[in-house]
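This report describes one protein chain, moving from its overall make-up to its sheet, its interior and a few individual positions. Please keep the sequence and the coordinates open while reading.

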Amino acid sequence: MSNKIAHLDSLQFNVAGLLTGPKGGTRSHKLYIPVSELDQLDDGFDVVAPFEGNARFLWTNERIVALVTGDTAVTLQCSRCLEPFEQPIHIDIEEVFIPSVDMATGQPIHADDADEALLIDEHHILDISEILRQSILLSLPMTPLCRPDCKGFCSTCGANLNYETCTCQDEEIDPRWAALSLYLKQDKNDD
Ligand SMILES: [Zn+2]
Ligand SMILES: [Zn+2]
């Protein structure tokens, strides 16, 4: 897990009411996180649209189940034509948060193996910054494409084949001749 976790106020929720209430209690929050705030989450992605969605918390079995859903968009570079493009990102997270303090006794609850990002702190703050950050990172495509049929570059003349056509394909040399021409070129360079 990253050390430089940014915690956004708008992604922190005081769940004391939920923790002291009856099991099965729920809370819902509308989420609107402006780009300026999302920018602080990570420099591994470039957000261009606010995150809009909602968070639902369910208090059950000494745990709070957090359901976070919403949409944003990031700028990516196409892996074929290298043009920047906007990629919509849909987030659908379900994570279980555990309290670090027992509400009844005020005593710390030891959960040594717990993921720090999934602990409700001693002030009863449940923070979804880190799970949102990870979820955005995980939803980025391994091979970004500006469109499924991006034609990319011509490997011979470098033309962006989405916008222009070139005649390289037409003049394609027989591979056997290509090897010979390479040999002749090398021979010339050796002189
Ligand atoms: Zn492309
Ligand atoms: Zn070409």
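The sections below go through the fold, the sheet, the core and selected loop residues in turn.

## Model and confidence

The structure is a predicted model, and its mean pLDDT over the protein is 87, with 86% of the residues scoring at least 70. Confidence is not spread evenly: strand β4 has the highest mean, at 97, whereas helix α4, covering residues 175-190, has the lowest, at 61. Where pLDDT is low, the predicted coordinates should not be read in detail.

## Overall composition

The secondary structure consists of four helices and seven strands, which follow one another along the sequence in the pattern β-α-β-α-β-β-β-β-β-α-α. Of the 191 residues, 19% count as buried. Among the contacts between residues at least 6 apart in sequence, 56% join residues that are at least 24 apart.

## The five-stranded sheet

Five strands form an open sheet in the order β2-β3-β4-β5-β6, and the pairing within this sheet is mixed. Its edges are β2 (26-33) and β6 (119-120), each of which pairs on one side only. Starting from the β2 side, β2 and β3 are antiparallel and are joined by eight bridges; within this pair, His-29 has Ala-55 of β3 as its bridge partner, and Lys-30 stands opposite Asn-54 of β3.

Strand β3 (residues 46-60) pairs in turn with β4 (residues 63-77), again in the antiparallel sense, over twelve bridges, and in this pairing Val-47 is matched with Val-74 of β4. On the other side, β4 is joined by 14 bridges to β5 (residues 84-99), and these two strands also run antiparallel; here Val-68 has Ile-93 of β5 as its bridge partner. In a regular strand the side chains alternate between the two faces of the sheet.

## Two hairpins

The hairpin of β3 and β4 has two residues between its strands. One residue to examine here is Asn-61, which lies in the loop between β3 and β4 and has a phi near 45°, a positive value in a residue other than glycine. Asn-61 counts as exposed because it has 9 C-beta neighbours inside 10 Å, and the limit for an exposed residue is 12 or fewer.

The hairpin of β4 and β5 has six residues between its strands, and Leu-82 in that turn has a positive phi of about 65°. As background to both turns, most residues other than glycine have a negative phi.

## Helix α3 and the nonpolar core

Helix α3, formed by residues 129-139, lies across β4 and β5 and runs at about 140° to β5. The buried residues of α3 are Ser-129, Glu-130, Ile-131, Leu-132, Arg-133 and Ile-136, and what covers them includes β4, β5 and β7 (125-127).

The largest nonpolar core has 26 residues, and those with the most contacts inside this core are Val-15, Phe-57, Ile-64, Ala-66, Leu-126, Ile-128 and Leu-132. The elements that give two or more residues to the core are α1 (16-20), β3, β4, β5 and α3, with β3 giving the most, at five residues. Phe-57 shows how separate parts of the chain meet: leaving aside its neighbours within four places in sequence, Phe-57 is in contact with Val-15, Leu-18, Thr-26, Arg-27, Ile-64, Ala-66 and Leu-126.

## Loop residues after β5

Two further positions lie in the loops on either side of β6. Ala-104 belongs to the loop between β5 and β6, and its C-alpha atom is separated by 8.0 Å from that of Thr-20, although the two residues are 84 residues apart along the chain. Ala-104 is exposed because there are 8 other C-beta atoms within 10 Å, a count that falls under the limit of 12 or fewer for exposed residues.

His-124 is found in the loop between β6 and β7, and its phi is near 65°, a positive value in a residue other than glycine. His-124 is partly exposed because 18 other C-beta atoms lie within 10 Å, whereas a buried residue would need 20 or more.

Technical notes
Residues numbered from 1 in each chain as written. Chains lettered and ligands numbered in written order. Predicted model: local features only at pLDDT ≥ 70, side-chain atom pairs only at ≥ 80, totals over all residues. Pairing = 2+ DSSP bridges. Contact = placed C-beta atoms within 7 Å. Axes fitted to C-alpha atoms, helices over the stretch in contact; angles between N-to-C directions. pLDDT = per-residue confidence, 0-100. Core = buried A, V, L, I, M, F, W, Y, C linked by C-beta atoms within 7 Å.
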